[in-house]
Amino acid sequence: MSDADARWLAAAACLAERARPLSRPNPAVGAVIVKDGVVVGRGWTQAGGRPHAEAVALEQAGDAARGATLYVTLEPCAHRSERGPACADLVGRAGLARVVIGSGDPDPRTSGGGIAALQAAGAEVFLREDPASRASLAGYLMQRGAGRPFVTLKLAMSLDGGIALASGESRWITGPQARAHGHRERARSDAILVGGGTLDADAPRLDVRLPGLEERSPQRLVLTSGAAPQGWTSLPSPESIRELSGVQYLLVEGGGRAAASFLAADLVDRLLLYRAPILIGAGRRAVGDLGLTDLGSAHGRWRLADRRQLGSDTLEVYQRAAREA
C-alpha cells in the first residue's frame, strides 16, 4: 500500500468515527472518493444504518466519481436489502477506476462478494486489512468474530490506585477535562455497565452531559444477580454480554469488583486509565482480586496505545496485546 493510500484510508477511518454509535445495528463505515489528489466525495454510515457511507460519498461526488479512487474502511456490501441497494452495485455503476478497501467484511452475505462484484464491473480492487480501518470497526469485527461487544474498561483513580475514600466518597477524583473526556466515551458507546454495589452506593445516572450530545446516552446495564431498577438491564455475569442485542461497544465504568470480574474473564479489550495527581491511601481500590497466582502471568497482556494530558490529570489508553499462538 502506498503512503497516499494509507493516508486516505486513515481519513476514511476518521470519518467513520462520526457514525459511531448512531449507525447501529450497522457498522460505522467511512468513505472518501479522490480524483487527481482532490476529495470529490465523502461519507459515513448514517443514523439507523442507512444510507451507507459509499452511497453518501457517491451522491456527493456525482459525475466526478468516474475514473476516481474510492477509499472505504469496509468491503462494500453485496447483498440487496429492502432498506437500500447493495453498495457494490452502486460503486460498480459509478465507473470508479480503483477501490481501496481497509477491511474485508466477515458477514457471509458479503464476504468476498463485494470485491468480486467490483472487479466484475471493471474496477481495480485492493484489500489492505488496514490497522486504522480495522480499529474503527473494532465493535463490528468483535461481534462478528467473537459474538460479543468490544469492551472498554474505564478507571478514574488516584496515583496510588484508589477510586474512593474508605467512606465511599469519590466525587471528584479527576478534574473537569478528564470527566468531559469520559462523557465523550459514553457518547461513543452502545451500552454502559456498573456493578450492583456501585449502583446501590452512588445511584449513577450514566448519561452523557456534553452540550449537543445528551441524546447519545447509552443503554444502562448493571452486573447483578438480582433485579434491575426501571430503565436498567441486569446481567448476571460478564459472559452475559454475549446475549446483548445490537451492542457493538460496551463501556464498563466500575466499581472495583465489576472491573475485576471482566478482567478475570478476559473480556476487556481496551483500558482507559485516568490518573489524578492525588494520593488517597487507605480506601477503595480501582480493581479487586484477579485471582493471579504469579506475577509472570500478569505481564504481556497490555500495550500502551496513547497517553495524553487532560488538565491536571493523565489519560493512558491500553489495548489488549496480541496473544502468542
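This text walks through charged and aromatic side-chain contacts in a predicted model.

The structure holds 20 salt bridges. One of them joins R188 to E17, with the closest N and O atoms 2.9 Å apart. These two residues come from distant parts of the chain, 171 residues apart. R188 is in the loop between α7 (176-187) and β8 (191-195), while E17 is in the loop between α1 (3-16) and β1 (30-35). R188 has a relative accessible area of 11%, so it counts as buried, because the limit for that word is under 20%. E17, at 31%, is partly exposed. The two residues also belong to a network of salt bridges, in which E17, R184, E185, R188 and R270 are linked.

A second salt bridge is formed by the side chains of R144 and D107, at 3.1 Å from N to O. R144 lies in helix α6 (residues 138-146) and D107 in the loop between β4 (98-101) and α4 (113-120), so the salt bridge ties together parts that are 37 residues apart in sequence. Here the acidic partner is the buried one: D107 has a relative accessible area of 4%. R144 has a value of 41% and is partly exposed.

In a third salt bridge, the side chains of E253 and R186 meet at 2.8 Å, N to O. This pair again links distant parts of the chain, with E253 in strand β11 (residues 249-254) and R186 in helix α7, 67 residues apart. Which side of the burial limit do they fall on? Both E253 and R186 are buried.

Strand β11 also takes part in a contact between rings. The count of aromatic pairs is two, and one of them is F150 with Y249. Their ring centres are 6.2 Å apart and their planes meet at 65 degrees, an edge-to-face arrangement; the angle qualifies because edge-to-face requires over 60 degrees. F150 is in strand β6 (residues 150-158) and Y249 in strand β11, so 99 residues separate them in sequence. Both F150 and Y249 are buried.

Y249 has a charged neighbour as well. The charged end of R20 sits over the ring of Y249, 3.5 Å from the ring centre. A contact of this kind is also found at W172, where R179 lies over the face of the ring at 4.5 Å from its centre.

Notes:
Residues are numbered from 1 along each chain as its sequence is written. This is a predicted model: local features need pLDDT of at least 70, side-chain atom pairs count only at pLDDT 80 or more; totals for chains, interfaces and linings use all residues. Side-chain values use heavy atoms; hydrogens and water are left out. A salt bridge is a side-chain nitrogen of Lys or Arg within 4 Å of a carboxyl oxygen of Asp or Glu. Helices (H or I, at least four residues) and strands (E, at least two) are DSSP runs, numbered from the N terminus. Buried means under 20% relative accessible area, exposed over 50%, partly exposed in between (1.4 Å probe, protein chains only). Rings of Phe, Tyr and Trp (its six-membered ring) pair if their centres lie within 6.5 Å; planes under 30 degrees apart count as stacked, over 60 as edge-to-face and the rest as tilted. A charge sits over a ring if NZ of Lys or CZ of Arg is within 6 Å of the ring centre and within 35 degrees of the ring normal.
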